[in-house]
Structures are given as structure tokens and as C-alpha cells.
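Reader: I am new to this structure. Please take one part and look at it closely, then place it in the whole.

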Amino acid sequence: MHRSYVTEDITIFWDSDKCRHARMCVSGSPKVFEFGRRPWIKPENGSSREIWETVKKCPSGALDIIYNHDVTIEFDEAGHCSAAFLDGKQIGECDYEDTGEAFNIYHTEVDSRHGGKGIAKRLVYRVIEEAERRGRSVIPTCSYAAKIYNS
Ligand code: SF4
């Protein structure tokens, strides 16, 4: 299962398949990470800096974190995509086809002027999350999506 947890500043990614339940996160930021709570990650309960330092200690790579750089991500079910916006202008997109059984992610693109900010990962994660919430499998035809989904 893939999930992202977003505040104004940061996005935390969690891949449950990688989690070894080593609990470094829980001991590092107990108000933010708490197994059994829903949601089990509440980034609003800690500072961005504290969470950053805790996430970087995750031994399995199940957790990752990036700064948002004022970019917001929106999911557009009717448009079959997730889209990234900065100052009201679209700067990235991840497109998928809904086959009824799976979301086939076939295209991910971010304006080259905004590379290196983790925007593509946020876009792909958002589509994967929405697929999983609907009980669909994920077909990462797009090579970047495959890298995120299979890594
Ligand atoms: S530190 Fe990483 S591996 Fe350990 S419980 Fe937290 S998410 Fe899972």
C-alpha cells in the first residue's frame, strides 16, 4: 500500500510493503507516527524539521519525505490524471487509463524548470493511492511510474 501525507511544507511517502516495523519513526516522533491510529501518520503533530530527521532514519526506505516548494497536487478523476500547480499554473501531469480493473499509468511529465523537486513522485503516488483506494491494481506503463511503483 502506498500513501502520502501532506502539509503545507512537506509530503511524507509511505510504502507499507517495505516497512519492517522497526519503529524508528515511532520512537523518533511519537506524536506523528503511531501504529494502530488512523491515520497512523499525522504530520500536523510535529515540525517539518523534526519529521524530516525522523524519516531519514527509517532503515527500510518505507518512508520518504520531500519539501513541497509551494506546489500543490490535485487528482482529477474525470480527466484521468493528477496535476501539479504552482501559483495557479499547471506545471506537471500524470495520466492514466482506468481499465475497470487497473489504473494504467502511461505518462508522467513535469516542466523541466521545476525538476529535482520530487513533483513527479508526488504525481505518481497520488494516482497509485487513488487506484489502491478503489481496489484497482496498478499497471505502470510509464517508465518513471514503474520506477516509483517497483522500487
Ligand atoms: S522506521 Fe520505517 S521501517 Fe521502521 S516502522 Fe517506521 S516506516 Fe516502518
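Reader: Where is R23 found?

Author: R23 is found in the loop between β2 and α1. Two notes come before the details. This is a predicted model: local features need pLDDT of at least 70, side-chain atom pairs count only at pLDDT 80 or more, and totals for chains, interfaces and linings use all residues. Residues are numbered from 1 along each chain as its sequence is written.

Now the residue itself. R23 is not a glycine, yet its phi is positive, about 65 degrees. R23 is also exposed, because 12 other C-beta atoms lie within 10 Å. The cut-offs use C-beta atoms placed from the backbone: a residue with 20 or more others within 10 Å is buried, one with 12 or fewer is exposed, and one in between is partly exposed.

R23 has a further role in the picture: R23 is among the residues that surround the ligand. The others are C19, R20, H21, A22, M24, C25, C58, P59, S60, A62 and L63. A residue is near a molecule if its C-beta atom, placed from the backbone, lies within 6 Å of it. By class, this shell holds eight nonpolar, two polar and two charged residues. Nonpolar covers Ala, Val, Leu, Ile, Met, Phe, Trp, Tyr, Cys and Pro; charged covers Asp, Glu, Lys and Arg; the others, Gly among them, are polar.

Next, the loop between α1 (24-28) and α2. S29 is found there. S29 is buried, because 23 other C-beta atoms lie within 10 Å. Beyond its neighbours within four places in sequence, S29 is in contact with G46, E50, I51 and T54. Contact means C-beta atoms, placed from the backbone, within 7 Å. V55 is 26 residues from S29 along the chain, and their C-alpha atoms are separated by 9.2 Å.

P39 lies in that loop too. A cis peptide bond joins R38 and P39, with omega about -5 degrees. N45 is another residue of the loop. N45 has 14 C-beta neighbours inside 10 Å, so N45 counts as partly exposed. Residues up to four places away in sequence aside, N45 touches K31 and V32. Y125 is 80 residues from N45 along the chain, and their C-alpha atoms are separated by 23 Å.

Another positive phi turns up at H69, near 55 degrees, and H69 is not glycine either. H69 sits in the loop between β3 and β4 (72-76). H69 is exposed, with 12 other C-beta atoms within 10 Å.

One ligand neighbour, L63, leads into the interior. In soluble globular proteins, nonpolar side chains tend to be buried together. Here the largest nonpolar core has 33 residues, and L63 is one of those that touch the most other members, along with I12, I105, L123, V124 and V127. Such a core is a set of buried Ala, Val, Leu, Ile, Met, Phe, Trp, Tyr and Cys residues joined through C-beta atoms within 7 Å. Elements that give it two or more residues include β2 (10-15), α2 (48-55), β3 (63-67) and α3 (119-133). α3 gives the largest share, eight residues. At least three core residues come from each of domain 1 (2-67) and domain 2 (72-150). I105 shows the packing: C94, Y96, V124, V127, V138, P140, T141, C142 and A145 touch I105, not counting residues up to four places away in sequence.

Those domain bounds come from an automatic or database domain assignment. The C-alpha centres of domain 1 and domain 2 lie 21 Å apart. Six residues of domain 1 and seven residues of domain 2 take part in the contact. On the domain 1 side, β1 (2-6) and β2 each supply at least two residues. β1 gives the most there, three residues.

Finally, the whole protein. There are four helices and eight strands. Helices (H or I, at least four residues) and strands (E, at least two) are DSSP runs, numbered from the N terminus. Their order along the sequence is β-β-α-α-β-β-β-β-β-α-β-α. The radius of gyration is 15 Å, close to the 15 Å that the globule rule gives for 151 residues, so the protein is as compact as a globular protein of that length. That radius is taken over C-alpha atoms, and the rule is 2.2 Å times the number of residues to the power 0.38. The C-alpha trace spans about 40 × 35 × 25 Å along its principal axes. Of the 151 residues, 31% are buried.

Technical notes:
Contact = placed C-beta atoms within 7 Å.
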